[in-house]
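This report describes enclosed space and one sheet in the structure shown below.

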Amino acid sequence: MATTFADQLRSLPDEALGALIQLRPDLVIPVPADISALAVRAQSRNSVARCLDGLDEFTLAILDAARLSRAADTALTSVDAILELTPGISGDDVRAAIDRLRDRFLLHGPPEGLQVVGAVDEVTSPYPAGLGRPADFLDPQSAALCADRARLRRTVLAAPPGARAVLDRLAAGPPIGALTRDSVAEPVRWLVEQHVLVPVSEAGRAPRADGELVELPREVGMLLRRETGPLGVLRPRPPVPDGPSRGPRSADSAGAGQTMEAVRATESLLEALATEPAPVLRTGGLGVRDLKRLAKAAGIDEAGAALLIETAYAAGLLGEAEIGPSQDVFLPTGAYDLWRATGLAHRWAALARAWLAMTRQPGLVGRRDERDRPINALAPDAERAGSPLARREILGALAELEPGAAPGLDDLLALLAWQAPRRARGREAVHTDAYTGAALLGVTGLGALTSYARLLLADGGPHDSDPLGLHPEDAHADAVRALDQLLPAPVDHILLQADLTVIVPGPPEPELAGELDVLADPESASVFRVTPASVRRAFDIGYQAADLHELFQRRSRTPVPQTLTYLIDDAARRHGGLRSGSAGSYLRSDDEALLAEVVADKRVTGLDLRRIAPTVLVSPRPVTRLLGALREAGYAPVAEDAGGATVLTRPKARRAPTRSPRTAEPAGPVLIGPRLAGVVEQLRRGDIATRAARRAPVTVRAAHGQAIPGLTAVQQHTQAMAVLQQAVRDKVRVWVGYVDSHGATLSRLVRPVSMSAGYLRAEDERGESLHTFALHRITAAVPEE
């Protein structure tokens, strides 16, 4: 009796069935009712295509060998037949590839009678290994030529140079050549006349006299491949990238330095947006001019700015805020303040996790879409669902190499093309984008994967203790600790220079970072500059001259330059010389000459100032505009309240509403450990229940609504109750049909024990368990025959 595909799955031990589910997790999403349904799903087009996408080049070539070596009458192949098509390749490598195909049930059956799953032919090329169809299928005259091996060899050797070039090109695959009426050149005509090429027609169309297509028969292609083998050049091992080898410490040091720069640039971008929010375009996204402005403020190029902005948005640090009717702007969110208060390694880890999981391709920013429109940062056009997988693939390829290996981009793309050729085809751009992003974020250093990034990738996988990945922060703690050890310790001091630059010899402590935000303007990650505007900013929020002198003396490990002392004292003398209030607004000063200078200043004529007293000027403009215009003109006014007291305020940070990070949706629950065992057990139980239902008497199946030939009525509920009562008295087994709590119709062979209070209690001798059935859910009861 022939063994079906489902029977082969059913005969697998639990470990092997669990291994199949792990290799093809889509088979149990959702969990099928029984193993027969699992077998149907495993042979479906979508599942087979998804499985093939994860196979390497050599395994796919062995699958092509299995397709080529199938017998015409039985459609079966064997391990020996496959080995015959792989001369020069180690038999162990071929058998290992066959085992990989059998583990995934793309090949099934005994070694001497292997069968290829039917859907493989539907989702792959109709020309296995780039070879055409057999000659006897294409043309009788071509079949006669191919049957005579000596004549075929003489004909190929006699081909003119142009015809031989055509043959070599078609032999490399695919074996189909497209022609038009005017392009049937002499070499091709000669090959057709000699029946080496066969004119064919496109599917669904009648052949034309001149032949739109020509096909190279399989026998001719295999003859032309006599030097490389029937399957062409086979590579059982992945290509070894040819690139420099960096020392792991050098790569880690370079990567750690880049992480600091990435975090600094991200902060600069978000601070620039907080100072001057960028409007959201009507079509969504950030405008080109705003991106250029932000890139200039952060001191990076536009491509890097687009990547960091997209990453910050994905991490929930950036969002939209409504400032008016139908007017939204991009602003940092409340989560940005919390993120900024954490350590440098934690800040980097948040960005790296968001980058790994976001469904965006920042490399598309600046390019044009299919309608020749520019793609903007944060616009919907840059959404690509496959981006997270592409990043994992490029970093996974680096992780498989020796620590410190720094292959070039072309070598990495070639390696990915070998590891998963079906998936890598046409994805070079997204892989290149992932490679560039990894370098910019410090995931790689000097082209090599860093040690902390390896931990980030390894910890990103599921664990038995957290199969659903509910605690990703705990999972990446090792990566954060490893990066912390590479970063310099936070410092609490600065180095003042004579040109008023402030050098921070390491990551500043949070308190020092807050002071620098007020006292100096940033020029790079570790260089700031004290300016008159920054000193005035400090006075505006409550610092006194003595406070600034003491702070610089305490923080600086170098002598405080005399120019800085003069700058602070001069700004302190001028600060508060003018005072404003609401009139609109007013301006007063004890220095009448200073007020006269302001009234005569043409730079503030737009304020419409007028003198109402020797020491008081008024303006119809708001206080904020009055203060801003005077400060732009070089004055140093301060605001005061109704009692004349100075109003000291720190500018309020504008924030967008807090939003959740935007990442890819999980593909499904991770099946490992107990969860995998539970799925296997559920399949076994469902299979037992299905087979038991098929053995149930016809009346029970009819009660469940199944079509039973010749049966016109179903058993009544009262008759079922009578059968059960008699079974309790006689202590015999009965088939019970019932509807469970999920609405599914089931059948079970049990021995009734008692009937009372609306429930039937019965023993299942096969499972050695006691079941309780609600009487109103019982649909049928038939004594065992």
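## Second largest cavity and an open sheet

In this predicted model, two helices, H27 (510-519) and H29 (545-555), each contribute at least two residues to the lining of the second largest cavity. H27 provides the largest share of that lining, with 4 residues. The complete lining consists of Ile494, Leu512, Glu515, Leu516, Leu519, Leu551, Phe552 and Arg555. Classified by residue type, 6 of the lining residues are nonpolar and 2 are charged, while no polar residue is present. The space in the second largest cavity amounts to about 30 Å³. Across the whole structure, the search yields 2 cavities of 30 Å³ or more.

A separate feature is an open sheet of 3 strands, arranged in the order S4-S6-S5 with antiparallel pairing. Strands S4 and S5 stand at the edges and have a single partner strand each, so one side of each is left without a neighbour in the sheet. On average, neighbouring strands of this sheet are turned by 35 degrees against each other, with direction ignored.

The residue ranges of the strands are as follows.

| Strand | Residues |
|---|---|
| S4 | 176-178 |
| S5 | 198-200 |
| S6 | 213-215 |

The antiparallel strands S4 and S6 are joined by 3 bridges. Which residue of S6 is the bridge partner of Gly177? That partner is Val214.

Terms used: Residues numbered from 1 in each chain as written. Predicted model: local features only at pLDDT ≥ 70, side-chain atom pairs only at ≥ 80, totals over all residues. Heavy atoms only, no water. 1 Å grid on protein atoms, 1.4 Å probe; cavity = no way out; pocket = protein on both sides within 12 Å on 5 of 7 lines; lining within 4 Å. Points joined across faces, edges and corners; volume = space filled by probe spheres on them. Nonpolar A, V, L, I, M, F, W, Y, C, P; charged D, E, K, R; others polar. Pairing = 2+ DSSP bridges. Axes fitted to C-alpha atoms, helices over the stretch in contact; angles between N-to-C directions.
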